Amino acid sequence: MTVGPLSSNWFLYKTLMDTALFNQSSRLGPFGLSNSSFQLLLEQALLKAESGQQALEFSDEPASFGSNLASLSPSTQETLSALTRSTGQQTSITSSNIDSSTLNQRLGGVLENTGEFFVEAGRKYEISPALLAAISIHETGNGTSNAARFKFNVAGMMGKDGLKTYSSVKESIFDMARNLRQNYLDKGKLTISQIGAKYAPIGAANDPTNLNNHWVKGVNKQFATLTSETDFA
């Protein structure tokens, strides 16, 4: 039988959503995405594919998802390939399989021996402790910046009066994790590159020396060092 673009998109949507939710033990599925983030990504991909997708041909015999995917138009395959890369990266930046002792081997300055705080914050907000540590290392020159030493601000977090001041490094780490979860990951910013575009936008008025140009590369480098993984963005 012939299935038109709308119904075939529904088939793709249903199959991938079922996969993402299969054996789910928390609000994160196997891809490492929250339900809302995965659904948003998938809907965007399928809506983009609507305009140029050809009808899919299905026989009455069972067919594998792989063979159906292969029959999609090149533009649709490219869109879903981008989705796959994004979900793969999200698995990395929400993975919690790193311990405090591993982090402590690389943390210095005021960040020294704070690995347990990164792990705790990562567990609470379902973000990789390695990502939190990578951002802090990059933002503070590994715990040596004035903001880190005198304001306990280890993430470059801004308030209405400029750089925020915290009572402890732990408070700063948890505030960073909350911000990343609520304002980035839960809103579909799923790679270090996507996070950086908002977290440290190039050309920002509060960045007169253009340090933001190096944010994505710097955080990626620290994250890769901590996890032995590379960014898919």
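**Helix packing, ring contacts and loop residues in a predicted model**

F118, V119, A121 and G122 of helix α6 meet P129, L132, A133 and S136 of helix α7. The structure described here is a predicted model. Helix α6 comprises residues 115-125, and its axis comes within 8 Å of that of α7, with a crossing angle of roughly 125°. Since angles of 65 to 115 degrees count as roughly perpendicular and those over 145 as roughly antiparallel, this crossing makes α6 oblique to α7. The handedness of the α6 and α7 crossing is right-handed.

The protein as a whole contains 11 helices and four strands. Of its 233 residues, 43% count as buried. Among contacts between residues at least 6 apart in sequence, 62% join residues that are at least 24 apart.

Helix α7 also packs against α9, at an angle of about 115° and with the two axes 11 Å apart. This crossing of α7 and α9 is again described as right-handed. On the α7 side the contact is made by L132, I135 and S136, and on the α9 side by M176, A177 and L180. L132 and S136 take part in the contact with α6 as well as in that with α9.

Helix α7 spans residues 129-140 and includes T140. With a relative accessibility of 2%, T140 counts as buried, because the limit for burial is 20% relative accessible area. When neighbours within four places in sequence are left aside, the contacts of T140 are L111, S145, A148, N153 and V154.

The loops on either side of α6 each hold a residue with an unusual backbone sign for its type. In the loop between α5 (100-104) and α6 lies N113, which has a positive phi of about 60° although it is not a glycine. The loop between α6 and α7 contains E126, for which phi is likewise positive, near 55°, in a residue other than glycine. E126 has a relative accessibility of 19% and therefore counts as buried, the cut-off being 20%.

T114 is also located in the loop between α5 and α6. Its relative accessibility is 5%, so T114 counts as buried. Beyond neighbours within four places in sequence, T114 is in contact with N104, L107, V169 and I173. Of these partners, V169 belongs to α9, the helix covering residues 169-183.

A further helix pair is formed by α10 and α11. Their axes come within 9 Å and cross at roughly 135°, and the two helices are therefore oblique to each other. The crossing of α10 and α11 is right-handed. I192, S193, I195, G196 and Y199 on α10 meet W215, V216, V219, N220 and F223 on α11.

Two residues of this interface, Y199 and W215, also belong to an aromatic cluster in which ring pairs link Y184, Y199 and W215. The number of aromatic pairs comes to two. For Y184 and Y199, the ring centres are 5.8 Å apart and the planes stand at 50°, so the pair is tilted. This pair links distant parts of the chain, with Y184 in the loop between α9 and α10 (192-199) and Y199 in helix α10, 15 residues apart. Y184 and Y199 are both buried. The ring of Y184 has an additional partner in K198, whose charged end sits over that ring at 4.9 Å from its centre.

The loop between α10 and α11 (215-227) includes I202. In contrast to the buried T114, I202 is exposed, with a relative accessible area of 63%. The C-alpha atoms of I202 and N212 are separated by 5.4 Å, although the two residues are 10 apart along the chain. Setting aside neighbours within four places in sequence, I202 is in contact with N212 and N213.

Terms used: Residues numbered from 1 in each chain as written. Predicted model: local features only at pLDDT ≥ 70, side-chain atom pairs only at ≥ 80, totals over all residues. Heavy atoms only, no water. Phe/Tyr/Trp six-rings, centres within 6.5 Å; stacked < 30°, edge-to-face > 60°. Buried < 20%, exposed > 50% of the residue type's maximum accessible area, 1.4 Å probe, protein only. Lys NZ or Arg CZ within 6 Å of the ring centre and 35° of its normal. Contact = heavy atoms within 4.5 Å. Axes fitted to C-alpha atoms, helices over the stretch in contact; angles between N-to-C directions. Parallel < 35°, antiparallel > 145°, perpendicular 65-115°, else oblique. Left-handed = near helix turned anticlockwise from the far one by under 90°.
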